[in-house]
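Biologist: I would be grateful for a close look at a single part of this model. Please take one helix, and describe its surroundings in a connected account.

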Amino acid sequence: MLRVLAAALLVAVGAATATAVVLVHPLWWGLLLGAAATLATAWALPRSWWARPPWALGWVVVLGVVLESSPGSGYLVAQDVAGYLLLGLGLVVVVLVVSDVTTVVLRPRGAGPGDRPDDRPDDRTDDQPGARPPEGAAAADPAPPAQGRGS
């Protein structure tokens with residue numbers, strides 16, 4: 001229940017972050033500050049279903065809303081360098097979260113980034129050159145013994 005509440009709060013935090021970035025992005029320092037705040041928040045949040053994806057959802061929804069033209073007032077994001085950099089920042093947010101979600105979902109719990117689910121640390125001799133075989137196992141000889149003339 002606490003994680004669901006945290007996820008809902010992080011949607012609001014993502015929306016507030018994106019709103020601030022959209023409002024200050026026409027200024028060069030505002031775009032830099034907004035990008036730094038966005039990337040720092042994405043880096044600081046834990047890689048789990050209840051943290052980064054809800055935050056990114058709030059961020060991207062606000063960006064999608066402000067890209068629509070409002071009647072009588074025009075667009076909040078102009079077609080200039082700052083506007084395109086803001087769109088690129090939104091793409092970076094989406095790519096970061098999608099890559100996190102795929103690694104969290106596809107990797108078994110407790111496994112490291114290079115671990116395969118059926119591996120144990122003591123029997124990894126096939127993919128690590130120079131690794132010693134487990135204790136009690138026969139060492140594999142890479143070359144067969146030479147046949148003499150007299151045999």
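Modeller: A residue counts as exposed when its relative accessible area is over 50%, as buried when that value is under 20%, and as partly exposed in between. Leucine 32 has a relative accessibility of 55%, and therefore falls in the exposed class. The model is a predicted one, and the part chosen here is helix α2, which spans residues 28-44 and contains leucine 32.

Leucine 32 also belongs to a nonpolar patch on the surface, in the company of Leu27, Trp28, Trp29 and Leu33. Together these residues offer about 630 Å² of accessible area. For the protein chain as a whole, 26% of the 151 residues count as buried.

The setting of helix α2 is a chain with 4 helices and 0 strands, arranged along the sequence as α-α-α-α. Two packing relations involve α2 directly. With α1, the angle is about 165 degrees and the axes lie 8 Å apart. Since angles over 145 degrees count as roughly antiparallel, α1 and α2 are therefore placed in that class. Their crossing is left-handed.

The second relation is with α3. Here the axes come within 10 Å and cross at roughly 160 degrees, so α2 and α3 are likewise roughly antiparallel to each other. The handedness of this crossing, in which α2 passes α3, is left-handed.

The two partners of α2 also meet one another. Helix α1, residues 2-24, and helix α3, residues 52-67, have axes that come within 6 Å and cross at roughly 40 degrees. This angle makes α1 oblique to α3, because the roughly parallel class is reserved for angles under 35 degrees. Where α1 passes α3, the crossing is right-handed.

The remaining helix can be treated briefly. Helix α4 covers residues 81-106 and includes threonine 103. With a relative accessible area of 33%, threonine 103 is partly exposed, whereas leucine 32 of α2, at 55%, is exposed. Threonine 103 can also be related to an earlier point in the chain: serine 48 is 55 residues away from threonine 103 in sequence, and their C-alpha atoms are 10.0 Å apart in space.

To return to the part requested, α2 is roughly antiparallel to α1 and roughly antiparallel to α3, and leucine 32 in this helix contributes to the nonpolar surface patch.

Methods. Residues numbered from 1 in each chain as written. Predicted model: local features only at pLDDT ≥ 70, side-chain atom pairs only at ≥ 80, totals over all residues. Heavy atoms only, no water. Patch = residues over 30% accessible without salt bridge, like charges linked within 9 Å, V, L, I, M, F, W, Y side chains within 5 Å. Areas by Shrake-Rupley, 256 points an atom, 1.4 Å probe, with all protein chains shown as cover. Salt bridge = Lys/Arg side-chain N within 4 Å of Asp/Glu carboxyl O. Buried < 20%, exposed > 50% of the residue type's maximum accessible area, 1.4 Å probe, protein only. Axes fitted to C-alpha atoms, helices over the stretch in contact; angles between N-to-C directions. Parallel < 35°, antiparallel > 145°, perpendicular 65-115°, else oblique. Left-handed = near helix turned anticlockwise from the far one by under 90°.
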